[in-house]
Amino acid sequence: MKIRIRGLRKSFGSNHVLQGIDLDVPQGQSVVVIGGSGSGKSVLLKCILGLIEADAGSILVDGEEVVGASARRLTTLRTKFGMLFQSAALFDSLPVWENVAFGLMAAERTERPEARERAIQTLAKVGLTPAVADQFPSELSGGMKKRVGLARAICTAPEIIFFDEPTTGLDPIMSDVINDLIRTCVSDLGATALSITHDMGSVRKIADRVAMLYDGAIIWEGPVASIEDSGNPYVEQFIRGHADGPIDVGQKVPAGG
Amino acid sequence: MINPLQPIGAALIGITQTAGRISFFAGNAIGNGFLGPFYWRQLWRQMVEIGFYSLPVVGLTAIFTGMVLALQSYTGFSRFEAESAVATIVVLSMVRELGPVLAGLMVAGRVGAAMAAELGTMRVTEQIDALSTLSTDPLRYLVFPRLIAGLVTLPLLVLVANVIGVMGGYLVGVHKLGFGPIEYLNRTFEFLETQDVVSGLAKAAVFGFIIALMGCYHGYHSRGGAQGVGTATTHAVVSASILILTANYFITEAFFSR
Ligand SMILES: Nc1ncnc2c1ncn2[C@@H]1O[C@H](COP(=O)(O)OP(=O)(O)OP(=O)(O)O)[C@@H](O)[C@H]1O
Ligand SMILES: [Mg+2]
């Protein structure tokens, strides 16, 4: 098991976001977490990366504990990780190619000309031309930023890649290109992927296994093929996208009086 | 009943806590920074920002300060026929006090605010988190080069400000107050000692460090979007200015008592 999460809890004040998450991510597979907006999916990823300190529970990455690890251990551990942030989080003081090659230059001490070459190759994989390389993030569209973020996440060919909503803001064709790319990272490069998405088309394309996060816990987990007949009313409602069902969408207005 | 000492105690505890957190932050940044790798590119960028781009602002402040010093000391000292002290007054006030303090305050407004805003924006847009995920220690990459840049660049800037300030005094002294050019310059250097210059530059180094530390600390810990970044910027400038004026007294006292 590449990542093994047990009893993970995280609250922000009285907002109990994660209330005992159990999740396994097998080596070389792609796991997708689905769940409503605000259910804590991004918080879950940040806990695994050690960016948010969990309140309780255990996260083992290759058998090594992340919860409560020292800053130095985390830095070493993170060399295995690539992360695409939901907001892309590009460094806006650096041109696109330096963003993409940042990991190469920082962690692997690659020389700048070579790092630039590799950045341009990676940009091509996400459908961006070399002309973009010298632009600054503020000059890009939302979807382009997302793809640069993706290129940055995969440029060092990390063992474990986290994608926080990789296809939001992309047109259908580009979404498909990105889905294929994520699939390639997993099946051809042997990476382990943990992704978050709302896009069911993307789920069916990139996932080996799917887990659904609801009300602070994983309420269903299984292979992607069984998602259509999960027998779980929450999953049913989510994948059909209906407003009525057991999931509380928080718009019940108290009856007038 | 409210104990009148309670708010004072609470404020004291608050200040102590903040001081502790800031020291811890600085200690961590310096400790991690010396472990390397060192980011020369970042250091250079910050040095240019502090040293070069602050030159116009600091230069203007210095020249007018030098000019006004000459005028004021002339009117003051002419009352007991000591006009000849003008050049000495200008150079000593400039080099020992006004050069470092005014440059410090101007740079706090310019660079301290910019550092807080930049780091604050990086924090709220998750860029600092992104740095961590790319195995780069944000303290080492962002904070350490800024601290070093503040420490080494402000003395250089103050040196320039001193020269410009003395020049301002010279302009007024020679063209308005009727001193001879040679006489004025001789007077300027006659009573100037190495220690005057050194104490001024030591102050500048401390002020540079304070400005960078306050900018980084408040920016790094900003919370909650644009408003949080705004608050961080204000705090950075206000706290740096107060600390500069406070530190100024203690450094002066330390040099004075020798
Ligand atoms: N740094 C933080 N401080 C306080 N609360 C936070 C913080 N980060 C997240 N939260 C809260 O945690 C909850 C889950 O947020 P999260 O970003 O994980 O949602 P999400 O499942 O990723 O939603 P979306 O699909 O819209 O991205 C939200 O209620 C949010 O308010
Ligand atoms: Mg999210």
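The following is a conversation between a biologist and a modeller about a predicted model.

Modeller: This is a predicted model, in which local features need pLDDT of at least 70 and side-chain atom pairs count only at pLDDT 80 or more, while totals for chains, interfaces and linings use all residues. Residues are numbered from 1 along each chain as its sequence is written, chains are lettered from A and ligands numbered from 1 in the order in which they are written, and side-chain values use heavy atoms, with hydrogens and water left out.

Biologist: What is the mean pLDDT of chain A?

Modeller: pLDDT is the predictor's confidence in each residue, from 0 to 100. The mean for chain A is 91, and 97% of its residues reach 70 or more. Among the elements of chain A, helix 4 (residues 102–107) has the lowest mean, 87, and helix 3 the highest, 96. Helices (H or I, at least four residues) and strands (E, at least two) are DSSP runs, numbered from the N terminus.

Biologist: What makes E98(A) and R112(A) a salt bridge?

Modeller: A salt bridge is a side-chain nitrogen of Lys or Arg within 4 Å of a carboxyl oxygen of Asp or Glu. For E98(A) and R112(A) the N to O distance is 3.1 Å, so by that definition the pair counts as a salt bridge. E98(A) is in helix 3 of chain A and R112(A) in helix 5 (residues 112–125) of chain A, 14 residues apart.

Biologist: Why is E98(A) called buried, and why is R112(A) called partly exposed?

Modeller: Buried means under 20% relative accessible area, exposed over 50%, and partly exposed in between (1.4 Å probe, protein chains only). E98(A) has 11% relative accessibility, so E98(A) counts as buried. R112(A) has 27%, and therefore counts as partly exposed.

Biologist: How do you know that D196(B) and R96(B) form a salt bridge?

Modeller: Their closest N and O atoms are 2.6 Å apart, so the pair meets the definition. D196(B) lies in helix 8 (residues 194–220) of chain B and R96(B) in helix 4 (residues 86–124) of chain B, so the pair ties together parts that are 100 residues apart in sequence. D196(B), at 5% relative accessibility, counts as buried, whereas R96(B), at 28%, counts as partly exposed.

Biologist: How many salt bridges are found over all chains?

Modeller: A search of the whole structure finds 23. There is also a network of salt bridges that links K2(A), D62(A), K80(A) and E159(A).

Biologist: Where else does D62(A) appear?

Modeller: D62(A) takes a positive phi near 50° in the hairpin of strand 4 and strand 5 of chain A, which has two residues between the strands.

Biologist: Why are strand 4 and strand 5 of chain A said to pair?

Modeller: Two strands pair if DSSP finds at least two bridges between them. Strand 4 and strand 5 (residues 64–65) of chain A have two bridges, in the antiparallel sense, so they pair by that rule. One of the partnerships is V61(A) with E64(A). Strand 4 (residues 56–61) is also joined to strand 1 (residues 3–12) of chain A by five bridges, again antiparallel.

Biologist: What makes S42(A) and Q86(A) donors to the magnesium ion (ligand 2)?

Modeller: Donors are N, O and S atoms within 2.8 Å of the metal (3.2 Å for Na, K and Ca); water is not among the atoms, so sites may look incomplete. S42(A) (OG) and Q86(A) (OE1) coordinate the ion at 1.9 to 2.1 Å, so both atoms count as donors. Q86(A), at 38% relative accessibility, counts as partly exposed.
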